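The following exercises concern one molecular structure. Each task is followed by a solution that proceeds step by step.

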Amino acid sequence: MKRSLPTLLFDLDGTLSDNYEGISRSIRHALASLGVPDPGEATLRACVGPPLRESFARLLPAPGPAAIEAALSAYRERFRDVGWRENVIYEGVPEALAALSAAGARMYVCTTKPEVFASRIIGHFGFDAFVQRVYGADLAGLLDDKRALLAHLLAAEGLDAPRAVMIGDRHLDVRAALANRTRAVGVLWGYGCAEELDGAERLLASPTELATLLD
């Protein structure tokens with residue numbers, strides 16, 4: 001009898017690729033355009049993963065809705081042109097995705113990065129050969145909450161939640177998985193730590209371990 005494989009749902013930033021340079025430089029561009037001082041490296045690194053509206057709400061001195069949307073507009077202006085390209089694949093990820101695909105796994109991307117940018121990045125790296133579809137946030141922010149985004153993905157694809165695995169590097173990934181009754185696997189090569197990923201059923205130390213998700 002052919003075994004039933006779990007469906008794998010991958011976060012993007014900090015899990016499949018590292019877009020820190022593009023994100024941080026675009027945030028700096030947005031803040032400078034509004035006259036806001038550079039917040040520093042540690043603060044910028046914490047902005048990889050959470051929705052940008054949440055990040056700008058923390059970074060702006062007067063974070064009203066209009067100011068947040070102005071910052072987002074300036075961010076996207078730069079990110080749309082060059083920021084999405086300032087991105088590197090984690091070593092071992094392409095080989096792991098190829099092996100999972102060859103084994104028959106169905107794979108999706110679930111990211112709070114706007115879907116238009118996430119799809120462009122997935123295509124740029126050739127990951128669209130392995131991934132069925134990319135699900136990301138919309139530009140209006142209706143799916144900024146990863147719990148809602150994951151629920152949307154599960155419903156749209158008709159997936160059995162307990163047979164799906166959310167794989168990511170931040171607490172937002174684990175929280176979304178637990179809220180939607182999917183399994184949660186944390187990765188330690190991104191921007192989260194073991195303590196942040198509390199609640200995940202497994203922690204992976206290296207992208208080479210992604211190939212064990214079907215074991």
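**Exercise 1.** Does Ala105 count as buried or exposed, and at what relative accessibility?

*Solution.* The model is a predicted one. Begin with the location: Ala105 sits in the loop between helix H5 (93-102) and S4. Next, take the relative accessibility of Ala105, which is 6%. Buried means under 20%, so Ala105 counts as buried. Finally, consider a partner along the chain: Phe130 is 25 residues apart from Ala105, and their C-alpha atoms are separated by 9.0 Å.

**Exercise 2.** Determine the location and burial of Ser55, and the separation of its C-alpha atom from that of Tyr90.

*Solution.* Ser55 belongs to helix H3. Its relative accessible area is 0%, so Ser55 is buried. Between the C-alpha atoms of Ser55 and Tyr90 there are 24 Å, with the two positions 35 residues apart along the chain counted as their separation.

**Exercise 3.** Describe how strand S7 is placed among its neighbours, and state why it is largely enclosed.

*Solution.*
1. Strand S7 comprises residues 183-187, and four of these five residues are buried, so the strand is largely enclosed by the rest of the structure.
2. On one pairing, strand S6 (residues 164-168) runs parallel to S7 and is joined to it by four bridges. Within this pairing, Ile167 has Val185 as its bridge partner in S7.
3. The connection from S6 to S7 passes through helix H8 (residues 171-180), giving a right-handed β-α-β crossover.
4. In another pairing, S7 is joined by three bridges to strand S8 (residues 202-204), again in parallel. Here Val187 stands opposite Leu204 of S8.

**Exercise 4.** How many cavities of 30 Å³ or more does a search of the whole structure find, and what lines the largest cavity?

*Solution.*
1. The search finds one such cavity.
2. The space in the largest cavity is about 280 Å³.
3. Its lining has 25 residues, of which Pro50, Pro51, Leu52, Thr112 and Lys113 are the closest to the centre.
4. Two or more lining residues come from each of helix H3 (52-59), helix H4 (65-81), strand S4 (107-114) and H8.
5. By residue class, the lining divides into 12 nonpolar, three polar and 10 charged residues.

**Exercise 5.** Which geometries do the aromatic pairs Phe79–Phe117 and Tyr108–Tyr135 adopt, and which parts of the chain do they link?

*Solution.*
1. The count of aromatic pairs comes to six.
2. For Phe79 and Phe117, the centre-to-centre distance is 5.2 Å and the angle between the planes is 65°. Planes over 60 degrees apart count as edge-to-face, and the pair is accordingly edge-to-face.
3. Phe79 lies in helix H4 and Phe117 in helix H6 (residues 115-124), so the pair ties together parts 38 residues apart in sequence.
4. Both rings belong to buried residues: the relative accessible area is 1% for Phe79 and 3% for Phe117.
5. For Tyr108 and Tyr135, the values are 6.4 Å centre to centre and 55° between the planes, a tilted pair.
6. This pair links distant parts of the chain, with Tyr108 in strand S4 and Tyr135 in strand S5 (residues 133-137), 27 residues apart. Tyr108 and Tyr135 are both buried.
7. Ring pairs also link Phe56, Tyr75, Phe79 and Phe117 into a cluster.

Technical notes. Residues are numbered from 1 along each chain as its sequence is written. This is a predicted model: local features need pLDDT of at least 70, side-chain atom pairs count only at pLDDT 80 or more; totals for chains, interfaces and linings use all residues. Side-chain values use heavy atoms; hydrogens and water are left out. Buried means under 20% relative accessible area, exposed over 50%, partly exposed in between (1.4 Å probe, protein chains only). Two strands pair if DSSP finds at least two bridges between them. A crossover is right-handed if, with the strands pointing away from the viewer, the path from the first strand over the helix to the second runs clockwise. On a 1 Å grid over the protein atoms alone, a cavity is a set of points where a 1.4 Å probe fits but cannot get out, and a pocket is an open set with protein on both sides within 12 Å along at least five of seven lines; lining residues have an atom within 4 Å of a point. Grid points are joined across faces, edges and corners, and a volume is the space filled by probe spheres set on the points. Ala, Val, Leu, Ile, Met, Phe, Trp, Tyr, Cys and Pro count as nonpolar, Asp, Glu, Lys and Arg as charged, and the others, Gly among them, as polar. Rings of Phe, Tyr and Trp (its six-membered ring) pair if their centres lie within 6.5 Å; planes under 30 degrees apart count as stacked, over 60 as edge-to-face and the rest as tilted.
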